[in-house]
Amino acid sequence: MSTDNRPLAISAPEPRSLELIFTKDALSLLHSKYRIVEADPENVAGLGDDVLGEARYIIGQPPLSKETFDRMPRLRCILNVESNLINNMPYDVLFERGIHVVTTGQVFAEPVAEIGLGFALSLARGIVDADLDFREGRELWGGDGNKKARLLSGSDIGIVGFGDLGKALNRVLSGFRANIRVFDPWMPPSILREHGVQPAGLDEVLSSSDFVFVVASVTSENKGFLGAEAFARMRKGAAFILLSRADVVDFEALMAAVASGHIVAASDVYPEEPLGKDHPVRGLKGFIRSAHRAGALDSAFKKMGDMVLEDMDLMDRGLPPMRCKRAERETVSRMRSKPVSRN
């Protein structure tokens, strides 16, 4: 029997790595305070009882069954550092046993919100196209280059979803004196008003906005819910900015709406990633493309490790986790986000 009394943590963070999410000092602290057993996510269930029986924490989101959890009597928390909850374990069993499931996704909220602001300004003022025209010697000077330009300041803005990312987006938009409407069926209207935004139905958000930001998570209820009819309801020339997951939209319908000239768009996410070299969105005029890089800043990744260490320390002392976001019993099994395919 081991005489090492440090708590045991199973590390299965793919597609992340411990080196990605912890600074050098934080990683040293992790190893000094805990026995770390590294495992491929697909093989966690195959670990021996000497490991599973002692494990207090899992860092990652490996697929696990009730039978595996039956072998883990000391487990206190699953720290999901991929941050997109997927339905690959019996969450009802975890909640019944008082095992926490927490995510670190809020570290991405501010970086993604900032790039969303950049997309909106670029679409409003034609910054990307104007730069390309200038490089090729066909630039339009002064007012001639602003025929389709508009201001973000004082505009009508719609936000679909108001979780951590929606709130961060509202903060970065605060200086533009915009009229912001929000659709989020999981959020009480009073909370939206407390954040200074106007609760609204989806139709109103789409039809009354110059800019529509989509930051909703993918669930079993909303996959593909923004399709051709939704885009047709938008104002002509409005900007559609997709920042969460591509599965909330009918991507073919989005491209068609842009190709027709009815709207312009920007997206950081796609139905398949990485995207095929021949995918038609690559050459679509009126569409700004970004390769799922909105939140992938090293500073954001390193915040994950700090949050994990702080919450593990709290739980070691018999307290609940507070830095990471706890999954909710009523909604966790509805999540359908795909894990990212690369860092």
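Is Arg177 buried or exposed? Select it and look: with a relative accessibility of 63%, Arg177 counts as exposed, because the cut-off for that label is over 50%. Keep in mind during the tour that this is a predicted model.

**Stop 1: around Arg177**

Stay on Arg177 for a moment. You'll find it in the loop between H8 and strand S7 (179–183). Check its backbone torsions too: phi is positive, about 50°, although Arg177 is not a glycine. Most residues other than glycine have a negative phi.

Now jump to His292, in the loop between S12 and H13. Here phi is near 45°, again a positive value in a residue other than glycine. As for solvent, His292 counts as partly exposed, at 23% relative accessibility.

**Stop 2: two cis peptide bonds**

While you have the torsions up, select Glu14 and Pro15. The peptide bond from Glu14 to Pro15 is cis, with omega near 10°. Pro15 sits in the loop between S1 and helix H1 (18–21).

Next, go to Glu273 and Pro274, where the peptide bond is cis as well, with omega near -5°. This time the proline, Pro274, belongs to the loop between strand S11 (264–267) and strand S12 (287–289). For context, most peptide bonds are trans.

**Stop 3: the six-stranded sheet**

Switch to cartoon view and pick out the open sheet of 6 strands, ordered S2-S1-S3-S4-S5-S13 with mixed pairing. At its edges are strand S2 (35–38) and strand S13 (325–326), each of which pairs on one side only.

Work your way through the middle of that order:

- Start with strand S1 (residues 8–12) and strand S3 (residues 55–60), which run parallel and are joined by 5 bridges. To see one pair, select Ile10, whose bridge partner in S3 is Ile58.
- Move on to S3 and S4, a parallel pairing over 3 bridges. Tyr57 has Cys77 as its bridge partner in S4.
- Then take S4 and S5, also parallel, with 4 bridges between them. Look for Asn80 and its bridge partner in S5, Thr103.

If you turn on hydrogen bonds, remember that strands of a sheet pair through backbone hydrogen bonds.

What covers S4? Both of its faces are covered: Cys77 and Leu79 on one side, and Ile78 and Asn80 on the other, are all buried. In a regular strand the side chains alternate between the two faces of the sheet.

Which helix lies across S1, S3, S4 and S5? Show helix H13 (residues 298–316): it lies across S1, S3, strand S4 (77–80) and strand S5 (100–103), running at about 165° to S3.

**Stop 4: H6 against H8**

Hide the sheet and display helix H6 (residues 109–125) with helix H8 (residues 164–172). Their axes come within 8 Å and cross at roughly 50°. That angle makes H6 oblique to H8. The crossing is right-handed.

For the side chains, show Ala109, Glu110, Val112, Ala113, Glu114 and Leu117 from H6; they meet Asp164, Leu165, Ala168, Leu169 and Val172 from H8. Colour this contact by residue class and you get 8 nonpolar, no polar and 3 charged.

**Stop 5: Ile241 and its neighbours**

Select Ile241, in strand S10. At 0% relative accessibility, Ile241 counts as buried. What does Ile241 touch? Leaving out residues up to four places away in sequence, Ile241 touches Gly116, Phe119, Ala120, Leu123, Val212, Phe213, Val214 and Ala266. Try a distance label as well: Ile241 and Ser290 are 49 residues apart in sequence, and their C-alpha atoms are 11 Å apart in space.

**Stop 6: Asp247**

Last selection: Asp247, in the loop between strand S10 (239–242) and helix H12 (251–259). Is this residue, Asp247, buried or exposed? Asp247 is buried: its relative accessible area is 16%, and the label applies because anything under 20% counts as buried. Finish with a second C-alpha distance, from Asp247 to Ser217: the two are 30 residues apart along the chain and separated by 9.0 Å.

Terms used: Residues are numbered from 1 along each chain as its sequence is written. This is a predicted model: local features need pLDDT of at least 70, side-chain atom pairs count only at pLDDT 80 or more; totals for chains, interfaces and linings use all residues. Side-chain values use heavy atoms; hydrogens and water are left out. Two strands pair if DSSP finds at least two bridges between them. Helices (H or I, at least four residues) and strands (E, at least two) are DSSP runs, numbered from the N terminus. Contact means heavy atoms within 4.5 Å. Axes are lines fitted to C-alpha atoms, for helices over the stretch in contact, and angles run from 0 to 180 degrees between N-to-C directions. Angles under 35 degrees count as roughly parallel, over 145 as roughly antiparallel, 65 to 115 as roughly perpendicular and the rest as oblique. A crossing is left-handed if the near helix is turned anticlockwise from the far one by less than a right angle, and right-handed if clockwise. Ala, Val, Leu, Ile, Met, Phe, Trp, Tyr, Cys and Pro count as nonpolar, Asp, Glu, Lys and Arg as charged, and the others, Gly among them, as polar. Buried means under 20% relative accessible area, exposed over 50%, partly exposed in between (1.4 Å probe, protein chains only).
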